[in-house]
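Let's practise reading a protein model together, one small exercise at a time. Have the structure open and try each task before you look at the solution.

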Amino acid sequence: MIWEEEVETGLFFPSAGELTVLQDSSIMLAYHYPAPDNHRGYAVSKLSPQGETLWTRRFSEGNTDDYTAFIEAMPDGGVAVAWGKDSLNIPLQFKEIHYFLQRLDADGQTEWEVFRHTVPQRKVYGMTVTENGDIVLCGWTRSPVLGGPSYSWLARF
């Protein structure tokens with residue numbers, strides 16, 4: 001083992017998320033944490049190559065669902081992050097979960113974002129970034145017809 005560090009997020013009970021290593025060997029970690037009113041917030045932390053927490057940014061506190069935030073390094077710096085988002089924002093009710101894609105620079109500032117909500121219950125289960133910087137997402141969606149089939153989906157940005 002080269003090193004082991006605790007991520008100092010300042011948050012209570014952060015959920016395990018995904019991580020990616022940037023070109024300068026720094027590490028970005030995306031995860032969820034409990035937020036008020038039975039919701040969950042989404043956050044990104046940046047760590048030095050030695051594991052020291054450099055900063056933590058909170059996003060969408062209180063209106064995201066329980067699904068992992070996927071994160072991938074972009075070839076020209078920064079990261080892409082995708083996660084499921086509850087578009088109804090009603091505690092303890094059926095959730096209309098859709099995906100949210102965001103590009104952050106190396107300092108965690110939002111460069112752009114996309115919220116995809118045309119089909120009910122679009123859940124993200126994977127993400128990758130191609131060599132040319134395209135972002136590819138995959139996931140699962142529920143049929144709009146009760147009892148109908150479910151579908152896998154792909155999207156490329």
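**Exercise 1.** Is E111 buried, partly exposed or exposed? Use its relative accessibility to decide.

*Solution.* Keep in mind that this is a predicted model.
- Step 1: the relative accessibility of E111 is 43%.
- Step 2: the buried class ends under 20% and the exposed class begins over 50%, with partly exposed in between.
- Step 3: E111 therefore counts as partly exposed.

**Exercise 2.** Which residue forms a salt bridge with E111? Find the distance between the closest N and O atoms as well.

*Solution.*
- Step 1: the partner of E111 is R103.
- Step 2: the closest N and O atoms of this pair are 2.7 Å apart.
- Step 3: a salt bridge needs such atoms within 4 Å, and the pair of E111 and R103 is counted as one.

**Exercise 3.** Which residues are linked with R103 in a network of salt bridges? Then work out where the members sit.

*Solution.*
- Step 1: R103 also meets the side chain of D76 in a salt bridge, at 3.0 Å from N to O.
- Step 2: R103 belongs to strand β7, residues 97–104, while D76 is in the loop between β5 and β6, so this salt bridge ties together parts that are 27 residues apart in sequence.
- Step 3: put the pieces together, and D76, R103 and E111 form a network.
- Step 4: compare the surroundings. R103 is buried, at 9% relative accessible area, whereas D76 is exposed, at 60%.

**Exercise 4.** How many salt bridges does the structure hold? Look for one that lies outside the network.

*Solution.*
- Step 1: the total is 3 salt bridges.
- Step 2: one of them joins the side chains of D134 and R156, at 3.0 Å from N to O.
- Step 3: D134 lies in the loop between β9 and β10 and R156 in strand β11, so the pair connects parts that are 22 residues apart in sequence.
- Step 4: D134 is partly exposed at 22%, and R156 is exposed at 57%.

**Exercise 5.** Which residue lies over the face of W55?

*Solution.*
- Step 1: look above the ring of W55, and you find R57.
- Step 2: R57 is 4.6 Å from the ring centre.

**Exercise 6.** Where does S25 lie, and what is its phi near?

*Solution.*
- Step 1: S25 is in the loop between β1 (18–21) and β2 (27–35).
- Step 2: its phi is near 75°, a positive value in a residue other than glycine.
- Step 3: S25 is partly exposed, with a relative accessible area of 41%.

Definitions and conventions:
Residues are numbered from 1 along each chain as its sequence is written. This is a predicted model: local features need pLDDT of at least 70, side-chain atom pairs count only at pLDDT 80 or more; totals for chains, interfaces and linings use all residues. Side-chain values use heavy atoms; hydrogens and water are left out. A charge sits over a ring if NZ of Lys or CZ of Arg is within 6 Å of the ring centre and within 35 degrees of the ring normal. Helices (H or I, at least four residues) and strands (E, at least two) are DSSP runs, numbered from the N terminus. Buried means under 20% relative accessible area, exposed over 50%, partly exposed in between (1.4 Å probe, protein chains only).
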